[in-house]
Amino acid sequence: MSILRVIMLDVGWGDSILIESEDDQGNYYCAVVDSNDTNRNRFTLNFLKRRLQTFGIDYRNHRHFLDFVMLTHGHADHGQGLKAIMQEFGTSQFWYSKSSNWSSMGNLLSYARRSSKVDHHQAIDDGIQLPDLGEVQIDVLWPIDGNAPESDENNNSIVMTLTLNNVVFLLSGDAEKEVWDHVAPLIPANTLFFKVPHHGSVNGSFDGSNPAWLNNCPGHAELGISCHVGRFGHPDQAVIQLFENSSMSYLRTDHHYHLVYETDGQNIQRFYHH
Amino acid sequence: MFDNNLDNDIKIPIIVDSVKDTELCRMTRCTYFTIENSEPAPNWTLRINDMDVGFYMIGLSGVIHSPPGDSQFFDTPEKYNQLFDAIERNGTLYVEMNDIWLPNELFPENSKRLPRRGDVFRIGSDLFNLAYVLKDEANSYEILFDRFNQLDIPQVLVFSEEETQGLLYWNEMQIKVNKGLYHENPETNLPKKEDSQKPLPPLTN
């Protein structure tokens, strides 16, 4: 049986997401989307090490163990720690968003080019055909091929779908209302998991006083929020109220810690644990 | 080698990553370069009080405040390249980014604008230390903000125009070189969706 699993790690604030898949031959595939590990807390790196030990997988036997690492956009709370993760595990692919101002994240571009731990690296958009992760198809919905990078770095976020058979999981980075004008109509009707954009901020979920994407998101989809509560009060209470009013099912990393969403291509299960 | 006979009045370069200027939050996230080591490594020496002590390193994290050599400032792209070349050459050490938060009010108003993404400032060590400690200890914006305002510390924060330009050029260089390697190279780039003829590269090695 094939499996797709998305694990949103509670790293205190910011995004750290693991993607795992298993094909029907039992082959294991693993990817990392964003990381907010710091020099005082290598949470994502150590979580993955322990998880692989549990599975009996020796990543050191692989030069590029990870199938891909993705930086959704060039903000520190999404990119810190990715270098150490790539250094430790190696990756076949490093994908990143298009940005005209890499600011502090140029470090990652430089590393990807020079390090033998990264086999291939490239900025991606909706025109690029990405390799499958096992039996999981990956499609980018944003950014748009040919568009110039946005001035607001959040809106350079890669928005993508992961599809296993009849089930879609959607990851949204920190995309805000300007992105949802284009992407919301593209949300597949068979989306069963939707990562709430921008840590549940108002700008990520509202277009003025109107929901930015909720009306296009299937009502049965599970919502996951990677919180930022220590800094800006993300998620915003107005966003939580929006989900409550819509009777949407949601979990948040500040209340439920690590969020695990798993599908066999037909149904979805969710878990959370400390 | 670590030498503790260094100037205590070090000003650390920090890079503006994201500016929050809302009713809920008026703070700026800044990143800084650190030197890291996560693998045990032999043959290191600690110079302390003019004496050398050999040690086996099992971990290291330190803030980088100047380029390799005699230069004090990262005012050219080459100095960033030299930093990465020097530290990451043997694969044991690497340069990483970490972050602190500062109230927007602390930033100098000489440019009559909020700090912008990519701006480089030099921050006094006392102010940096406070921001470093508070980053993990304060669990709300209000607490963070109040602590900055309550403590009587030298609030040294200076805009570094030359280093801002140096970083901008270095980043542009990274984008340009990387694009040349993959995006503009049909031999190596990932295929376009409309180009279904080209085989996809294998994901696992």
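This report describes strands, helices and unusual backbone geometry in a predicted model.

## The six-stranded sheet

In chain A, six strands form an open sheet with mixed pairing, in the order β7-β8-β9-β10-β13-β14. The edge positions are taken by β7 (137-142) and β14 (249-252) of chain A; each has a single partner strand, so one side of each is left without a neighbour in the sheet. From one strand to the next, the twist averages 20°.

Within this sheet, strand β10 (residues 191-195) of chain A pairs with strand β13 (residues 222-225) of chain A in the parallel sense, over three bridges. Lys195(A) has Gly224(A), in β13(A), as its bridge partner. Helix α8 (residues 237-245) of chain A lies across β13 and β14 of chain A, and its direction is at about 150° to β14(A).

## Strands β5 and β6 of chain A

Strand β5 (residues 91-96) of chain A runs parallel to β6(A), and five bridges join the two. One of the bridge pairs puts Tyr96(A) opposite Ala123(A) in β6(A). Between these strands the chain passes through helix α4 (residues 106-114) of chain A, giving a right-handed β-α-β crossover.

How much of strand β6 of chain A is covered? Strand β6 spans residues 118-123 of chain A and is mostly covered, with five of its six residues buried.

## A cis peptide bond

Most residues other than glycine have a negative phi, and most peptide bonds are trans. The peptide bond from Trp142(A) to Pro143(A) is cis, with omega near 5°. Pro143(A) belongs to the loop between β7 and β8 (159-164) of chain A. The strand before this loop, β7 (137-142) of chain A, is one of the strands at the edges of the six-stranded sheet.

## Positive phi values

Tyr257(A) has a phi near 65°, which is a positive value in a residue other than glycine. Tyr257(A) sits in the loop between α9 (253-256) and β15 (258-263) of chain A. Is the residue buried or exposed? With a relative accessibility of 32%, Tyr257(A) counts as partly exposed, because that class covers values between the 20% limit for buried and the 50% limit for exposed.

In chain B, Asn43(B) also has a positive phi, near 65°, and is a residue other than glycine. Asn43(B) lies within a strand, β4 (residues 41-48) of chain B. Its relative accessible area is 76%, so Asn43(B) is exposed, the cut-off for that class being over 50%.

Conventions. Residues are numbered from 1 along each chain as its sequence is written. Chains are lettered from A and ligands numbered from 1 in the order in which they are written. This is a predicted model: local features need pLDDT of at least 70, side-chain atom pairs count only at pLDDT 80 or more; totals for chains, interfaces and linings use all residues. Side-chain values use heavy atoms; hydrogens and water are left out. Two strands pair if DSSP finds at least two bridges between them. Helices (H or I, at least four residues) and strands (E, at least two) are DSSP runs, numbered from the N terminus. Axes are lines fitted to C-alpha atoms, for helices over the stretch in contact, and angles run from 0 to 180 degrees between N-to-C directions. Contact means heavy atoms within 4.5 Å. Buried means under 20% relative accessible area, exposed over 50%, partly exposed in between (1.4 Å probe, protein chains only). A crossover is right-handed if, with the strands pointing away from the viewer, the path from the first strand over the helix to the second runs clockwise.
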